[in-house]
Structure formats: C-alpha cells, structure tokens
Protein chains: 2
Amino acid sequence: MSSEQIKISTRDKILESAIRLFAEKGFSGTTTREIAEKAGVNEALIFRYFSTKRDLYSAIIERKISEEPGFEYPLEAFKETRDDWLIFRSIAIRMFDCVEKDPSFIRLLHFSALEGHELSDMFFDTYVQYQRMLLSDYIERRISEGAFKNVNPVLAARAFIGMVINYILVQEIFGEKKRRKIKREEVADTFVKIFLEGIKNN
Amino acid sequence: MSSEQIKISTRDKILESAIRLFAEKGFSGTTTREIAEKAGVNEALIFRYFSTKRDLYSAIIERKISEEPGFEYPLEAFKETRDDWLIFRSIAIRMFDCVEKDPSFIRLLHFSALEGHELSDMFFDTYVQYQRMLLSDYIERRISEGAFKNVNPVLAARAFIGMVINYILVQEIFGEKKRRKIKREEVADTFVKIFLEGIKNN
DNA sequence: GTAGAGTAAGTAAGTAATTACTTTATATTA
DNA sequence: TAATATAAAGTAATTACTTACTTACTCTAC
C-alpha cells in the first residue's frame, strides 16, 4: 500500500511508442520492429495484444477519440456568458494548450486523414465538427441577439477556428516552431480582436 | 508540322503518375511498381530516369516549386491599388482556383511536411512564406496609411490566409468536400468581410 | 510451506510476401 | 549506329506476422 510501484503494462508501452512513431512517420512509414524496439518489448508481443498493425493503429485512434477531449470547453459558459472576448480567447488558448500538451495529436490527426484511415472521419468529427458546432451555435445566438452581424454562423466559426488551427499547423507541422516565436497570448489576442471587431455590430 | 502528335515522354509519364500516387498515399505508402503500372511503363525505367525512389520524389517537389506558382498574384495591383476588398477577395479566390486546378498539390505539400522531406521547407517557403510576406507588406502599408488598425501585420496576414487555407484543407483532406457545398464566392465574401471589418479603422 | 497445475508474459527464430533496385538479353526507333 | 524501350528474371533487404518454446507468476491442495 505504501510503495506502490507504477508498473506500465506492456500493452501501454506498445501503445505509447506506437503513438509517437505513427505521429512522427505515419502508418506506412513506421515498422512494427521499430515500435517494439522503442517500447523495449519483443516484436511478437505486439501481435499478442493487437492482431494486426492496422488494429494497433485503430486502437490508438479510438483511444485518442475517447480520451479527454483535449480542448474541452467550459460548456456552461457558452450558455450563460455573453463575454465574447473571454469565450473566443479561451477557445484559442485552449487549442494552443491542447497541442502543446500532446504534440503528437495534431500530427496523428493529419496523417490519418491523409493516409485515409477508416476512423479518421470519426476522429475529425469528434474534435473539429463538434467544436465547430458549439461555436457556430454561440455565434448564431449572438446574431439573433443583434450583437453580431448577420453572417453565415458556420462560416464564421470556421473562419475563427481556421485562423488558430492554421497558425498551430504551420508551427507544428511545417516546423516554423523554432524560427519565429510570438507569444501565444499575443497571437490569441490579435486573432480574437480581428475576428470580433469584424463580426460585431457597430 | 501539321499532324504533330503530342508525345508524352516516358519521364513525364512517370512523373505524372508518381505525383498522383505520392499525393494520394504519401512517399512510403507508394511503391515503385504501382508508379510504373499507372504510368504504363516498365518498372526498370523508373530507375533509368531517377536513380532512387527518393530522387523521383525530390524531382516532383522541385518541379512543383519551379512550376507556375499556382496562386500568382497580380503583383502590381498590390502596389497601386488600395481596393482592399478586391485584393483580399482575389487572393481567396485565387487560392480556391489553385487547389481546384491541381488537387494533388495541397496533399503533396502536407505529406512532404509530415513525412519530413528535405525539400519540404523550400516547398513551404515558396508558397506560404512568400505569399504571407506579400500580404503582410500590403497590410503594413495600409496601417501606416491609417486605413488599418495597428496590429502585427504578419499575424494579420496569417489570420486571413489561415481562414482560407484551413477551409480548403478541411474540404480537400478531411473529405468534407461532398457533404457540404457552400459556393466559393460566399465563403470568400464572408471571410473577407469579417477580416476587413475587423482590421479597418472606424 | 510446498508441490503442482494453470496462465500470462516473454523470446528467438523463421515464414512468405513485398520492397527498392539490378541485370541481361532483345526489340524498336531516329 | 546509337539511343531508348521492353520483358523477364533476380537481387538482397525488409516487411508484417507466426511458430514453438521458455520463463515467471498465481492459485489451489495437501
């Protein structure tokens, strides 16, 4: 009870290293031997836990889908607050946080889409569609309240998410990370400012 | 001189089918046998024209880099016009056009970045960086003229490009293409409206 | 407590298929 | 004649995946 050793199961070791490798080099760029080496287990064990390499990949995506949603929002805030600045800013910051906490996530998402994995749609829906829906609902309400201009709320949501996601994508995948280093807060503030000034009435 | 047959060289046939396959399945997801089959040439010929598979990939990226820049702007317009609406709208439309004309382009760009090809940086610079620079220069000038708010011009440029690119990306790579079908013009108008209203003074 | 049985975890070696790439010998064309 | 193409066969390495076997742990019976 006192000195409980944290024993990482073999299954988890395999999953962990597979996530990192698939995120780094994609499905067909990663070999099961590499995965086993990185996990420090025998290659044959992979196939004891997962019947095929593709199965392992699917297990990873399923796990990512069911895991803490990464950028989960204060949902109540969406319904009670009308503090646009706070809401949009917190969404942007939350997206930055999510990617910083789990850098393999965005690479996995893009690899699985490009490589056409069967679960990539669900992956996409869980994160992107859901988020977009929440945001466009909020925008729609603000339009009907007369606070926002009368624009297509889905397009407006996509505009805002697009700014942020694309910024992150360029940093993470196109490796601009190291070159420029603008503070996240400045980025978020600028984007929110442009967007809100652009959509607000008056 | 009269009945000049359009003879597609073997090299071009190989390049052509390799572009399509690499864009579809990535570098490590594509085999040289497939490329040869699709091109209708013998597999051995690939290695007569390109010493390795990697070489072929590089040749493709180099070709895409040197090719007509896809979305080339009316550069003079940037310096002479002050019609913000026209400029931003034409940029957005031009990006839509480019991707529609050559759907493999955006997939190649993303695959090469994810798979970490050595030329992917140059690829990125040629298209994204250059375009961003043009746009941020324009924004900077408009700020100094007092037409735009005083925001970081590079961030503003990235905000606008991000909206459009992300929209395209989701349609093309995450396959939302078929589901929704909003007219490009409506998308462009909405984005430009939000952006310009957000950045303009008064 | 210990023998033994049952089960899970681990391993080395090997499978057949596929990979990028080569070779050689034979056509076709300019 | 000389470059360019083809087909077919073959290379060594690598691939995903399997096999047959050993070890380690756990539970039960006495």
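**Helix packing between chains A and B, and the surface near DNA strand C**

In α10(A), the residues A:E186, A:V187, A:T190, A:F191 and A:I194 meet B:L155, B:A156 and B:A159 of α9(B), contact being taken as heavy atoms within 4.5 Å. By class, this contact has six nonpolar, one polar and one charged residues. The model is predicted, with local features needing pLDDT of at least 70 and side-chain atom pairs counting only at pLDDT 80 or more, whereas totals for chains, interfaces and linings use all residues. Residues are numbered from 1 along each chain as its sequence is written, chains are lettered from A in the order in which they are written, and side-chain values use heavy atoms, without hydrogens and water.

Helix α10 (residues 184–199) of chain A and helix α9 (residues 153–172) of chain B pack with their axes 10 Å apart and at an angle of about 60°, and the two helices are therefore oblique to each other (angles that are neither under 35 degrees, nor over 145, nor 65 to 115).

Around DNA strand C there are 15 residues, of which A:T10, A:R48, B:T31, B:T32 and B:K53 come nearest; a residue is near the strand if one of its heavy atoms lies within 4 Å of it. These residues divide into five nonpolar, six polar and four charged, and the largest share of the surface, four residues, comes from α3(A). In the side chain of A:R48, an N or O atom is 2.2 Å from a base nitrogen of DNA strand C, while a phosphate oxygen of the strand lies 2.5 Å from a backbone N or O atom of B:K53.

Definitions and conventions
A polar contact is a pair of N or O atoms within 3.5 Å; within protein, one must be able to donate a hydrogen and the other to accept it, and residues adjacent in sequence count only if both atoms are side-chain atoms. Ala, Val, Leu, Ile, Met, Phe, Trp, Tyr, Cys and Pro count as nonpolar, Asp, Glu, Lys and Arg as charged, and the others, Gly among them, as polar. Axes are lines fitted to C-alpha atoms, for helices over the stretch in contact, and angles run from 0 to 180 degrees between N-to-C directions.
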